[in-house]
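Q: Please take a close look at a single part of this model, and explain with care how that part is built into its surroundings. I would be glad if every term were explained when it first comes up.

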Amino acid sequence: MELPPPVRYKDLVFDCGYRIDLFVRSDLIVEIKIVETLLPIHQAQVLTYMRLSKVSLGLLINFNVTKLQNGTKRFVL
């Protein structure tokens, strides 16, 4: 289930169309991809979700690899 994170600015809340793939116990954001290679835009997406949600740990997982370890990136703010 995708979760739309709220974007807050002062007392205003905006719906900007962001969708988090997995939000684990308010501690971890997991973004899932199935792409040939992970691009900087995918990393920026995870970091943006982390900042907006005030979560310090994120995972970017690409399932289009032969070894899952090669398709996983961890982010810490």
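A: A salt bridge here means a side-chain nitrogen of Lys or Arg within 4 Å of a carboxyl oxygen of Asp or Glu. The model is predicted, so local features need pLDDT of at least 70 and side-chain atom pairs count only at pLDDT 80 or more, while totals for chains, interfaces and linings use all residues. Residues are numbered from 1 along each chain as its sequence is written, and side-chain values use heavy atoms, with hydrogens and water left out.

The part chosen is strand S4, which covers residues 28-33. Strands (E, at least two residues) and helices (H or I, at least four) are DSSP runs, numbered from the N terminus. The protein chain contains six strands and one helix, and when the sequence is read from end to end their order is β-β-β-β-α-β-β.

Consider first how S4 sits among its neighbours, where two strands are said to pair if DSSP finds at least two bridges between them. On one side, S4 pairs in the antiparallel sense with S3 over three bridges, and Val24 has Leu28 in S4 as its bridge partner. S3 itself spans residues 22-24, with Leu22 found in it. The two strands form a hairpin with three residues between them, and in this hairpin Arg25 takes a positive phi near 50°.

S4 also pairs with S5 (residues 57-62), and here the two strands run parallel and are joined by five bridges. Val30 has Leu59 in S5 as its bridge partner, and Ile32 stands opposite Ile61, which is again a residue of S5. From S5 the pairing can be followed one step further, to S6 (residues 72-76), which pairs with S5 in the antiparallel sense, also over five bridges. Leu59, already met as the partner of Val30, stands opposite Arg74 in S6.

Next comes the question of cover, for which a residue is called buried under 20% relative accessible area, exposed over 50% and partly exposed in between, using a 1.4 Å probe and protein chains only. In the protein chain, which has 77 residues, buried residues make up 26%. Within S4, five of the six residues are buried, so this strand is largely enclosed by the rest of the structure. In S3, by comparison, Leu22 counts as partly exposed because its relative accessibility is 37%.

Finally, charged side chains deserve attention. Side chains of opposite charge can pair when their charged atoms come close. A search of the whole structure finds two salt bridges. One of them joins Lys33 to Glu31, with 3.4 Å between the closest N and O atoms. Glu31 counts as buried because its relative accessible area is 3%, and Lys33 is likewise classed as buried, at 15% relative accessibility.

The other salt bridge links Arg25, the hairpin residue with the positive phi, to Asp27, and its closest N and O atoms are 3.4 Å apart. Arg25 counts as exposed because its relative accessible area is 69%, whereas Asp27 is partly exposed, at 42% relative accessibility.

Put together, S4 is a strand that pairs with S3 in the antiparallel sense and with S5 in parallel, and the rest of the structure largely encloses it.
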